[in-house]
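Thanks for making time this morning; I would like to walk through one model with you, going from a helix to a ligand shell and then to a few backbone details. Please have the sequence and the structure open while I talk.

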Amino acid sequence: MFSYRHAFHAGNHADVLKHLVLIATVKYLTQKPAALMVVDTHAGAGLYRLDDDFVAASGEANDGILKLAAHVPADASPLISDYLELVRAINRGGGLRLYPGSPFVVQHLLRQEARDRLKLFEMHPTDSKALAAHVAQLEAGRQVSVARQDGFEALKSLLPPPSRRGLVLIDPSYEIKSDYGRVVACLQDALKRFATGTYAVWYPIIPRPEAHELPRRLKTIANQAHKPWLHATLAIGQADVPQEPGQERRPGLTASGIFIFNPPHTLKPALAQALPQLVQVLGRGRGQGHALESGG
Ligand code: SAM
């Protein structure tokens with residue numbers, strides 16, 4: 001455990017999909033005056049330098065945020081524009097040196113006056129320290145809390161939120177395959193405690209039975225609970241890079257999905273516009289594409 005460090009992946013195509021959905025969802029949920037509680041069960045370090053060794057070593061942001069920012073579609077969908085605007089705002093107009101993880105994405109959109117709250121959980125010893133230090137810089141006071149706790153377990157004591165308005169992001173690294181089962185159990189439990197909450201689950205699309213089955217299992221949970229759901233996937237495909245003899249090619253993650261319970265009703269049409277543009281800009285060839293389905 002704990003070999004996963006999100007810094008290697010910050011700003012990649014999977015972050016683009018996840019954070020674009022997160023921004024649209026928080027924006028929608030903060031339209032009503034009641035306080036919103038957002039729980040990020042797997043928060044990561046919160047803020048990443050796009051020019052540091054981790055990011056540079058993996059180069060994943062080059063096929064994500066950096067490519068999108070360099071090739072903004074002329075008729076960019078509102079979801080893409082909002083996402084780029086937020087990332088640029090975090091950089092205070094000075095190029096793209098920083099990438100906001102989900103805690104910074106959400107905090108940027110929360111309202112002090114409405115007493116919105118953000119509860120962050122991160123287990124990694126180094127990343128939880130980094131997260132606490134990054135959050136301290138925000139001077140957000142009681143609005144944001146950070147705990148080095150198991151996010152799946154911690155969620156139980158937070159539901160339902162006092163205002164009955166809440167969004168939960170469940171974004172594990174899936175480095176241990178039990179994470180897939182824990183996501184399912186977590187959702188079953190959370191929907192019993194707080195049936196009207198919005199829940200967003202990110203997952204990697206990789207050749208592993210547990211990953212393949214996860215969206216099907218989530219659909220079953222949503223349908224049994226009679227809850228509306230939305231499922232979006234983004235695949236950037238395989239780059240056909242000529243290979244040097246004797247050199248091993250490591251393709252990395254090429255596709256991911258996000259499954260939302262009780263999504264904003266505006267999210268499906270917004271994604272229907274954004275996803276083809278993301279494929280157009282981020283697509284690398286064989287296997288690229290997107291999917292969008294809903295139910296409930
Ligand atoms: N949500 C972040 C974002 O979008 O910027 C990225 C999170 S990263 C995919 C997953 C994180 O979960 C890793 O930093 C890992 O250390 C942490 N983690 C793993 N198991 C955990 C657990 N049971 N509870 C809380 N955090 C955990």
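There is a kink of about 30° in helix H9, and it is centred on Pro215, where the bend at a residue is the angle between axes fitted to the seven residues ending there and the seven starting there. Helices here are DSSP runs of H or I with at least four residues, strands are runs of E with at least two, and both are numbered from the N terminus. I should say at once that this is a predicted model, in which local features need pLDDT of at least 70, side-chain atom pairs count only at pLDDT 80 or more, and totals for chains, interfaces and linings use all residues. Residues are numbered from 1 along each chain as its sequence is written.

What does the length of H9 look like against expectation? The expected span of a helix is 1.5 Å times one less than its number of residues, so the 16 residues of H9, residues 209-224, should span 22 Å, and the end C-alpha atoms are indeed 22 Å apart. Pro215 is also one of the buried residues of H9, together with Leu214, Leu218 and Ala222; buried means that 20 or more other C-beta atoms lie within 10 Å of a residue's own, exposed means 12 or fewer, and partly exposed is in between, with C-beta atoms placed from the backbone. Those buried residues pack against helix H8 (178-193) and strands E7 (198-204), E8 (229-235), E9 (255-261) and E10 (289-295), where contact requires C-beta atoms, placed from the backbone, within 7 Å. Just after H9, His226 takes a positive phi of about 55°.

One partner on the strand side is Tyr203, which lies in E7 and counts as buried because it has 24 C-beta neighbours inside 10 Å. Not counting residues up to four places away in sequence, Tyr203 touches Tyr174, Ala211, Leu214, Ser256 and Gly257. The C-alpha atoms of Tyr203 and Tyr174 are separated by 7.9 Å, with their positions 29 residues apart along the chain.

Let me turn to the ligand. Which residues of its shell are the closest? They are His42, Gly44, Gly101, Ser102 and His124, out of 22 surrounding residues, a residue being near if its C-beta atom, placed from the backbone, lies within 6 Å. Helix H1 (13-29) and helix H7 (151-156) each supply at least two residues of that shell. H1 is largely enclosed by the rest of the structure, because 14 of its 17 residues are buried.

An unreviewed UniProt entry lists Asp171 under "active site", and such annotations may be inferred rather than shown by experiment. Asp171 sits in the loop between strand E6 (166-170) and H8, and is buried, with 24 other C-beta atoms within 10 Å. Leaving aside neighbours within four places in sequence, Asp171 is in contact with Lys18, His42, Ser102 and Trp202.

Finally, some backbone details. The peptide bond from Leu159 to Pro160 is cis, with omega near 0°, and Pro160 lies in the loop between H7 and E6. Arg164 is found in the loop between H7 and E6, has a positive phi of about 60° although it is not a glycine, and is exposed, with 12 other C-beta atoms within 10 Å.

Technical notes
Two residues are in contact if their C-beta atoms, placed from the backbone, lie within 7 Å.
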